[in-house]
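Work through the exercises below with the model open. Each task is followed by its solution.

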Amino acid sequence: MTDSLFTPLRLRGTEIPNRVMVSPMCQYSAEDGFATEWHRVHLGSRAVGGAGVVMAEATAVSPTGRISPGDLGIWSADRADALSNTVEFVREQGAIPGIQLAHAGRKASVERPWDGGGPIPEEAGGWETLAPSANPYPHPEGDTVPTRAMTRDDLDRVTAQFRLAAERARDAGFGIAEIHLAHGYLLHEFLSPVTNDRDDEYGGSFENRARFPLEVVEAVREVWPDDQPVFARISATDWLPDRPSWDLDDSARLAPLLAEAGADLIDVSSGGIHPDQRVPESGPGYQVPYAERVNEATDAAVGAVGGITTAEQADQLIRNGRADLAVVGREHLRNPYFTLEAAHELGVDVDWPKQYERGRFR
Ligand SMILES: Cc1cc2nc3c(=O)[nH]c(=O)nc-3n(C[C@H](O)[C@H](O)[C@H](O)COP(=O)(O)O)c2cc1C
């Protein structure tokens with residue numbers, strides 16, 4: 001039988017009730033890394049809206065790993081605790097709560113978007129960033145934040161931070177850990193020759209550039225419960241075809257290695273490594289072909305993200321076997337009830353929150 005948007009997805013011992021995931025989206029509304037009421041309402045209302053997976057935003061494994069001072073953090077037990085009532089609420093709605101574990105690498109230490117998004121110098125409360133090599137991100141604003149090439153000790157420390165973050169997320173009740181290897185942040189910076197010119201075993205060849213990201217995936221998998229899935233979000237291409245860069249062939253090669261390291265689903269995004277990137281198209285489902293290619297390369301499940309905005313589109317994606325999960329970002333900012341409305345449009349009978357039953361039939 002053909003799977004559709006409302007066919008549950010079983011990954012390890014976890015049953016996701018449908019194929020819609022709320023894409024991780026930074027809210028820049030944390031206080032010193034702590035979740036606030038905003039997170040509870042934001043994530044909670046999307047769970048009420050019926051999504052199968054509610055993925056919390058990029059959550060920093062260390063203070064240095066934050067993109068901005070408003071990022072969520074999980075570098076201490078009390079920061080994880082601040083998320084646990086949200087997790088519980090999301091589960092009560094029948095959704096699986098996920099958390100994206102992240103380190104911003106050389107793209108850290110910038111203002112919140114609504115404060116301008118520019119780099120924050122150290123004297124104004126910014127911080128030194130970490131990266132595979134000491135080349136700062138060329139911010140379009142013209143300023144840079146100093147970037148230090150990671151030493152062997154730094155590598156071990158960051159791996160340990162990801163492992164500890166996963167343990168805390170597990171203890172807070174999250175059901176999925178997604179590792180952020182995309183959008184030009186630290187783990188992507190190791191993968192891409194644009195940002196990695198190390199001459200040790202973590203730079204140079206494809207195998208060497210993939211080594212640290214894969215070690216991080218293994219470390220998370222080691223502590224993540226056996227019956228719960230780990231996701232890995234990648235940038236399928238750097239969109240920089242005129243220079244040595246990461247491309248779709250590299251992603252197809254990486255996918256089975258991620259699966260071997262313990263990833264159960266590859267969430268396929270793209271871009272973010274360098275402002276020179278040229279994105280050829282960003283129309284409906286613009287990254288779906290990348291998900292499809294990764295899907296062909298691995299036995300792991302695959303998520304497609306980018307420009308998925310309608311029920312029909314999301315359903316077709318699953319029915320045609322192009323991906324296993326429809327990952328929806330901005331449409332969820334417009335409409336937290338995307339999934340309930342999709343069920344209505346597709347004529348599928350799903351449970352509504354009992355509090356909202358009277359809004360169900362038009
Ligand atoms: C406000 C906002 C915040 C985002 N934050 C994250 C994030 O924390 N982690 C991530 O991997 N992607 C992040 N993204 C990218 C989205 O998850 C998604 O991949 C992208 O918006 C494309 O999907 P869409 O067309 O459905 O929005 C963010 C996007 C937006 C609009």
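**Exercise 1: Polar contacts of the ligand**

Task: find what lies 3.0 Å from an oxygen atom of the ligand.

Solution. Step one: the partner is an N or O atom in the side chain of Arg233, 3.0 Å from a ligand oxygen. A polar contact here is a pair of N or O atoms within 3.5 Å. Step two: the side chain of His180 places an N or O atom 3.3 Å from an oxygen of the ligand. Step three: turn to the backbone, where a polar atom of Gly329 is 2.8 Å from a ligand oxygen. Step four: check the cover. The ligand alone exposes 610 Å², and the protein buries 81% of that (Shrake-Rupley method, 1.4 Å probe).

This is a predicted model: local features need pLDDT of at least 70, side-chain atom pairs count only at pLDDT 80 or more, and totals for chains, interfaces and linings use all residues. Residues are numbered from 1 along each chain as its sequence is written, and side-chain values use heavy atoms, without hydrogens and water.

**Exercise 2: The shell**

Task: state how many residues surround the ligand and how they divide.

Solution. Count first: 16 residues surround the ligand (a heavy atom within 4 Å). The closest are Ser23, Cys26, Gln100, Gly307 and Arg330. Then sort: seven are nonpolar, seven polar and two charged. Gly counts as polar here.

**Exercise 3: An aromatic pair**

Task: describe the geometry of the pair Tyr28 and Trp114.

Solution. The whole structure has five aromatic pairs (ring centres within 6.5 Å). Tyr28 and Trp114 form one, 5.9 Å centre to centre. Their planes are 85 degrees apart, making the pair edge-to-face (over 60 degrees). Tyr28 and Trp114 are 86 residues apart in the chain.

Technical notes: Polar contact = N/O pair within 3.5 Å; in protein donor to acceptor, adjacent residues only side chain to side chain. Phe/Tyr/Trp six-rings, centres within 6.5 Å; stacked < 30°, edge-to-face > 60°. Helix = DSSP H or I, 4+ residues; strand = E, 2+ residues; numbered from the N terminus.
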